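Got your viewer open? Let's walk through this one selection by selection, starting at a ligand and ending on a surface patch.

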Amino acid sequence: MDDESGPYPRAGVSEVIGFLEILDDESGKIDVYKLGKNIDHQLEQLLSVLETARIFGFVEYEAGDVFFTPKGKHFIQSSQEERKKIIATTLPEIPVFRELLSFLTHNEEHAVSTEYLDQLITRDLTAEEIQKIKNAVLHWGRFAELIWVDSDEQEIHLEEKEEEET
Amino acid sequence: MALLELKEITKAYIEKGKYFSVIDEIDLVVKEGELVVIVGPSGSGKSTVVRIAAGLVSPTKGQVFYKGQPLPGPNPNASIVFQNFALIPWLTVQENIELVLEARGIPPRQRIRTALKYIDLVGLDSFEDAYPRELSGGMKQRVGFARALAVEPEILFMDEPFSSLDVLTAADLREEFLKLWTSGKLSIRSVVMVTHNIEEAILMSDRIVVLSARPSKVVGEIEVSLPRPRDTHSKEFESILDHLYALIVSSHISK
Amino acid sequence: MYLLSAAFWSVIRIFIAYFVSLLFGIVYGVLAAMNPRRERWMIPLLDVLQSVPILGFFPIAVSILVFLFRGQRIGLELAAIFLIFTSQVWNIAFGVYETVKTFPRDIAEMALSFGMNSNFLVKRIYVPALIPTIIYNSGVSLAVGWYFLMASEIITLGNVEIRLPGLGTAMMGYVAQGNLAGMLITVGTIVFINWCTQWFLFRPLIEWSDLFKFGAVGSAPEEPGIVAFLRNNIRWEKISQHLDRILSWGETLRKHQKILSSLRYVLYAALLGLFAYFLYWLLKPPYSPRLVEIPENLIATTFRVIVAVGLSILLSFPFVIKAIRASNTVKNIYTLAATMGSVPAVIFYPLIVRSVGREYMGVAAVLLLLTGSLWYTLFNMLKGALMIPSTIIEMANNFGVRGFLYYRTILIPAMLPSLITGTITAWGGAWNASMVAEEVNFGKEIFSIHGIGSLLLSATAQPKELLWVVLAMTLWIVFINTFFWKRWYNHAAEKYNFSE
Ligand SMILES: Nc1ncnc2c1ncn2[C@@H]1O[C@H](COP(=O)(O)OP(=O)(O)OP(=O)(O)O)[C@@H](O)[C@H]1O
Ligand SMILES: [Mg+2]
C-alpha cells in the first residue's frame, strides 16, 4: 500500500440520499450557497456530503454550482432495490472498497477484522476522522449488500452471493 | 498599520510517533481597527491559529509579531473569549472578573470598580452576585465578554464565541457586540474571530480569511465592506455568500 | 472512662493517618498527572498498591518500625498509623489524579491567557477544583480507616502480642472476658463516632462541594456552618503565605536542575544496588520448608474470596432491583449501606468465631469476607443501575420485556461495566479481610484455618519467609487483575454502553 487509497467517503447513506433529494427538488442544479442555506450553513456536513456524492459520480461541481450527472439523476429516480444495485457496482471502483473487497475475496475465510480498515486509510488523519470514514465505508458496504459485519467479533465478512447459493 | 502579523506559521504535533501537521505556512496580517474572521472546516486548525496568535501555543515554525516586535509568550495586551465560556464555577460573576484583574496585579479597590463597570456594559447589572451555574448560556457568554474586556486589551480573540448558544441568543449577542465595537467605547483596536458559521462571518467581518482542510493553508481572503447593520437578504450579501461558498467548496474539492 | 480514652486514641490515630493521606494523596496525584514521564510509572504503581491486600504488608511494616524505634511505643503507633494510612491514601490519590487529568482545557488556557502565574493558578484554581474529589473520597477513606483500625491496634510479633490502647483493643478485651455489655457499648461508640462524622461533616460538605464542579447547573448549594467557621477562624493569609513559600522552593529546585538530575542518578544507582542486595538475600538458601505450602494456602484463600464475591453480587441484586422499581428508595439504601459499611465488622468476628467453634470457622471466615466486599458490589451496582437511561426501562415496560428475559437482556448487560468495577473492588476488599479472617487469638487459645492470611501470621517471626509469602500473594493478585479483570472490564465497557 504505497499509494494513497483515497479519496474517502465520509458521509453516510441517509445524508447523501437526503442531499440528492434536495438537488432533485431544485430540478437537478443548485447554487452551492443556497444548498448551504438549506442545511443551516453546516459547513462540515455540506463538504462531506458533496465529496461523497462526487466520489460516487452522482454530482459534479463547477463554479459555484452543484448539478446531477446522468448517473446521479438515474440513481435518485430508482427504487430502493435498484439503488442498492447501483451502489454495489459503484463501490468496487473506489480504491478503499476495491482493496477491501479484493482482500475479502482472496482470503480463505472471506473475513477480516475491522482494524484492517485502519491500514487501508493511509492519509494523516485524526482517530476521530478515521472512525468517521470507517463508519461510512461499512455503512455503504452493508447498504449495497456486499459485506456484513459481525459486531461482536468486530469482523467484516463477504456477503455470500445469491447465485452461489442456488 | 499592522497590529498583529503571523509569518509562515507551521504547527505540527507528534502523534503515535508520527509528525502530524495541522497548519502549514500560514501568513496573516491584522490591521489596526479591523475585525478579521477566520473560517474553515472543522479540525482545520482555526483554534490553533488563534492560540498561536495570542501567544498561548508556540508555533513549530514561523514567527508572530505584535506591533512589529516578536511575541515571546502570552500576549499581555490580548484577551480571549472562549467557546465554552471558561468561567470558574465557584466564583460569582463579579469574582470571576476580579480574578483576572487580580492576576494582572490591579489593586482591590480598582478591581471592584472595573468589574462593576464591565458588568454594566454587557447588561448584567444585578447579576454580579450570581454563580455561573445560575445563568443561561447567553448570560454566561456575557460574563465571558465582560471578563475579556475588563483587562482593557488592545486585541480581542474570539474562538467560536456564539456557537454554544441557540440561534436567537447568538443573534442577540452578536448584535450587541457589534454595537459596542462600532461605538468606539472599547479599548480594543482589532478583533480576530473564528467561526464555522459562514453567515456569521459575513455579518461581522471587515475581512474573511478562508482556511483549507488540514494541513491548512490560507486559500483566499474576502473583503466585506457592506455597511452595518447588514441584511442577510440583500443582493450584496448573497453575492458575498456565493463567492465565499465557491471559494471554500472549490478549494476543498480540488484537494 | 476507659472507653473514652480508648475512643480518643483510636480517633487520633485515624485522623492523623487521614491528614497524612490527604497530603500525600494530593501531592502524589498532582505529580502523576502533571508529567507524562512520571505518570508512566506512578499510575501502574498506584494500581498495584491499590489492589494488593495492605494488611499483608502490615507485619513487615511493624518489623521495620519496631526495629527502628527499638520496640518503643512510638514505633508501634507509627506502624498502626501507617496501616490506616495505606488503607486511605490510594483512593484519594487516584481521585486527585483523575481530576487533574480531566481538568478542562479551556480553563487552563483562560488562566494562561490572563497571565496567571503558576502559584496563582495552583492556589486559586487547582486547589479549589480538587475540593469535590477530596471531600467525596475522604468520606470513603475515613470509613475504610475504621475497618483497618481494628486490625492495627493488636500487633503480633512472632509469639509476642502487643496491644495499643484503643477501641479495637477494648473490644478484644471484652470478647475475651465474654462481657456482652462492654462489647455493645464499644460498637455503639464506633457507630456513634462514624455517624457524627458522616452526618455533621461529610453530608453537608458533599452537598456544598457541588459548587466546585465544572459544568454543574442549578442553584448554588448553601455554605455549611463548618466552612463558615473555618473561613472565619483560620488565618488563610498566613497559610497562603506559607504555601507560597513552599511553592517557591519548587522554583528554586528547578533552577538547580543539573544538580538535581545528577542526584537522581545517584538515587537510582542506590536503589538498584539495594534491590540487587535484596534479591540476593531473598534468593539465598536456605529456604524455609514452609514455602511449599504457599500455593496450597493461596488457593484456599482464593476459593473463599471467590465465594464471598459471588455472594456479594447475589445479595446486592434485590437492592438494585428495588432501587430501579422505586427510585425514591435509592437514597435510603445508599445511606443505610454507607452507615453499615463503616461499621467495622471485624470487631464482631472473634465473637462469632468463638460461638460457632473451630469446625465452622471456614463459614465464619467467608461471612467476614462478605462484610469486606458486599458494600463495594452494592455501591457500584446501584450506581450502574441508576445510570441506565429511563427510556430503556420504559421501553422494556412498554414492550412487556419482563422476568428472566428482562434480567438477561437488559438489566445485567446494562450494569455490566459497573458490576465488574464492583466485583474488582469487592475482590480487593475480600482479600484484605482474608488477612484477619483466618486466625483469631484469644489469649493463649488460637483459632486458625488454612489460608495465606494465617500462613502470613505464622511467618511473622521470620522476615524472609514473610517476604516470600507477601510477594507470592502480591504477584498472584496482580496477575489475576491484569490478565482477567482488566480484560473483561475493557471488553464490557466497550460493548455495553449507552453513549452511542
Ligand atoms: N495539543 C494537541 N495535541 C495533538 N493534536 C492537537 C492538539 N491540539 C490540536 N490538535 C489537533 O489539531 C487539529 C486542529 O485543531 P483545532 O482545534 O485548531 O481545529 P479547529 O479548526 O479549531 O477545529 P474545530 O472546528 O473543531 O474547533 C485537530 O485535528 C486536533 O486533533
Ligand atoms: Mg476550534
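Start by selecting Arg214(B): one of its polar side-chain atoms sits 3.3 Å from an oxygen atom of ligand 1. Keep in mind as you click around that this is a predicted model.

Now show ligand 1 as a surface. On its own it has 630 Å² of accessible area, and the protein covers 70% of that. Colour by element next: β1 (2–15) and α1 (46–53) of chain B are the ones that give two or more residues to the shell around ligand 1. The largest share, three residues, is from α1(B).

Zoom out a little and colour by chain, and you'll see that ligand 1 lies between chains A and B. Then pick out the residues around ligand 1: there are 13, and the nearest are Gly43(B), Gly45(B), Lys46(B), Ser47(B) and Thr48(B). Sorted by class, the shell has seven polar, four charged and two nonpolar residues.

Two more contacts to click on here:
- Gly43(B): a backbone N or O atom lies 2.9 Å from an oxygen atom of ligand 1.
- Tyr13(B): a polar side-chain atom lies 3.3 Å from a nitrogen atom of ligand 1.

Next stop, chain C. Select Ile226(C), Phe229(C), Leu230(C), Ile234(C), Trp236(C) and Ile239(C): together they make a nonpolar surface patch with about 520 Å² of accessible area. Helices α9 (225–233) and α10 (236–255) of chain C each supply at least two of its residues, and α9(C) gives the most, with three.

Finish on Ile239(C), in helix α10 of chain C. Is Ile239(C) buried, partly exposed or exposed? It counts as partly exposed because its relative accessibility is 38%, between the 20% and 50% cut-offs.

Terms used: Residues are numbered from 1 along each chain as its sequence is written. Chains are lettered from A and ligands numbered from 1 in the order in which they are written. This is a predicted model: local features need pLDDT of at least 70, side-chain atom pairs count only at pLDDT 80 or more; totals for chains, interfaces and linings use all residues. Side-chain values use heavy atoms; hydrogens and water are left out. A residue is near a molecule or strand if one of its heavy atoms lies within 4 Å of it. A polar contact is a pair of N or O atoms within 3.5 Å; within protein, one must be able to donate a hydrogen and the other to accept it, and residues adjacent in sequence count only if both atoms are side-chain atoms. Accessible areas come from the Shrake-Rupley method with a 1.4 Å probe; for residues, only the protein chains shown count as cover. Helices (H or I, at least four residues) and strands (E, at least two) are DSSP runs, numbered from the N terminus. Ala, Val, Leu, Ile, Met, Phe, Trp, Tyr, Cys and Pro count as nonpolar, Asp, Glu, Lys and Arg as charged, and the others, Gly among them, as polar. Patches are made of residues with over 30% relative accessible area and no salt bridge: like charges are joined within 9 Å, nonpolar side chains (Val, Leu, Ile, Met, Phe, Trp, Tyr) within 5 Å. A salt bridge is a side-chain nitrogen of Lys or Arg within 4 Å of a carboxyl oxygen of Asp or Glu. Buried means under 20% relative accessible area, exposed over 50%, partly exposed in between (1.4 Å probe, protein chains only).
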